[in-house]
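Biologist: I am new to this structure and would like a close look at a single part of it. Please take me through that part slowly and then set it in its surroundings.

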Amino acid sequence: MAPAKRQRVDKILAHMGYGTRKEIKRLIKEERVQVNGLPVKDPGLNIIPGEDRLAVDGEYVEYRPYIYIMLNKPQGVVSATEDRTAEVVVDLLPLRYRARRPFPVGRLDKDTEGLLLLTNDGCLAHNLLSPKKHVPKRYYAVVKGTVTAGDVEAFRRGLLLDDGYCTLPGELKILRVGQQSEVEVTIYEGKYHQIKRMFAAVGKEVVYLKRIAMGPLVLDETLNPGEYRELTDREVTALRELTGQ
Ligand code: URA
């Protein structure tokens with residue numbers, strides 16, 4: 001087994017969102033940082049994360065190299081880390097999370113709501129987005145007009161989109177029909193505006209779209225649009241298992 005890697009206290013605390021290096025230096029000067037019960041004098045002190053007990057103001061700092069956040073993305077916010085004009089999803093997170101530099105795993109359109117995973121675990125994100133993994137993504141949609149059994153069959157066969165791309169088979173489930181229909185759609189890839197373009201291919205328009213699941217991860221219905229929470233260990237494990245990590 002490789003020996004545990006030592007890291008500087010100030011680097012660990014910066015990574016965990018305790019402030020800038022300068023702010024952490026001040027915390028240390030004020031004797032608010034302890035390692036194994038003793039006050040730290042030197043910000044450059046090397047410790048073994050997870051083995052040495054690091055605390056700030058008496059509170060244990062649990063060292064986690066990655067963060068995983070489930071966000072119920074609201075409409076009107078862009079799935080990006082920065083944008084010249086619009087609000088972006090990371091703006092919805094508090095500084096302690098932003099300091100960990102999370103990024104959205106994939107994109108939802110600006111007017112789409114629902115489940116968005118943010119993480120700084122590049123490997124997991126890469127695997128979840130890999131076209132080879134065919135990770136299912138489930139959406140709830142409201143569509144103008146009556147969705148028919150013919151549409152269900154067309155989704156099942158795969159649809160020819162406006163750019164000539166033929167989609168993989170998708171699953172369309174009709175929940176309610178009327179002047180507007182409510183449906184659930186599961187797709188196994190993630191092309192640009194895919195759900196909207198699939199409905200356009202059968203002559204219909206999506207008026208509301210919300211992602212409700214991605215692989216084993218299901219949107220926590222207690223989260224209102226704009227709210228977030230960290231994934232549970234069980235959710236992270238399920239994602240890792242799905243991607244073979
Ligand atoms: N399909 C779309 O059309 N938009 C999304 O945001 C996601 C899937």
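Biologist: Which residues line the second largest pocket?

Modeller: In this predicted model, the lining of the second largest pocket is made up of Met16, Gly17, Tyr18, Tyr60, Val61, Glu62, Arg64, Ile67, Arg96, Tyr97, Arg100 and Glu230. By class, these residues divide into six nonpolar, one polar and five charged, and the space that the pocket holds comes to about 240 Å³. To place it, one needs the domain assignment, which gives domain 1 as residues 7-60, domain 2 as 68-131 + 217-243, and domain 3 as 137-214. Because domain 1 and domain 2 both give residues to the lining of the second largest pocket, this pocket lies between them.

The largest pocket, for its part, has a volume of about 510 Å³, and its lining draws at least three residues from each of domain 2 and domain 3. Of the 27 residues that line the largest pocket, Arg107, Lys137, Glu189, Gly190 and Lys191 lie nearest its centre. Helix H4 (122-129), E10, H6 and E13 are the elements that give two or more residues to this lining, and E13 gives the most, with three. The classes here are 15 nonpolar, six polar and six charged residues.

Helix H6, which has just appeared in that lining, spans residues 194-201, and within it Gln194, Ile195, Arg197, Met198 and Phe199 are buried. These buried residues pack against strand E10 (137-144), helix H5 (149-157), strand E11 (171-176), strand E12 (180-187) and strand E13 (206-214). Just after H6 comes glycine 203, with a positive phi of about 75 degrees.

Two of the buried residues of H6, Ile195 and Phe199, also belong to the largest nonpolar core, which has 33 residues and in which Phe155, Val183, Val185, Ile195 and Phe199 touch the most other members. At least two residues of this core come from each of strand E7 (68-73), strand E9 (113-119), E10, H5, E12, H6 and E13. Since domain 2 and domain 3 both give residues to this core, it lies between them. Leaving aside neighbours within four places in sequence, isoleucine 195 is in contact with Tyr139, Val185, Ile187, Val206 and Leu209. Apart from the largest core lies another, of 16 residues, among them Tyr68, Val135, Met214 and Leu217.

Finally, for the overall arrangement, the centres of domain 1 and domain 3, taken over C-alpha atoms, are separated by 51 Å.

Terms used
Residues are numbered from 1 along each chain as its sequence is written. This is a predicted model: local features need pLDDT of at least 70, side-chain atom pairs count only at pLDDT 80 or more; totals for chains, interfaces and linings use all residues. Side-chain values use heavy atoms; hydrogens and water are left out. Buried means under 20% relative accessible area, exposed over 50%, partly exposed in between (1.4 Å probe, protein chains only). Helices (H or I, at least four residues) and strands (E, at least two) are DSSP runs, numbered from the N terminus. Contact means heavy atoms within 4.5 Å. Domain bounds come from an automatic or database domain assignment. On a 1 Å grid over the protein atoms alone, a cavity is a set of points where a 1.4 Å probe fits but cannot get out, and a pocket is an open set with protein on both sides within 12 Å along at least five of seven lines; lining residues have an atom within 4 Å of a point. Grid points are joined across faces, edges and corners, and a volume is the space filled by probe spheres set on the points. Ala, Val, Leu, Ile, Met, Phe, Trp, Tyr, Cys and Pro count as nonpolar, Asp, Glu, Lys and Arg as charged, and the others, Gly among them, as polar. A nonpolar core is a set of buried Ala, Val, Leu, Ile, Met, Phe, Trp, Tyr and Cys residues joined through side-chain atoms within 4.5 Å.
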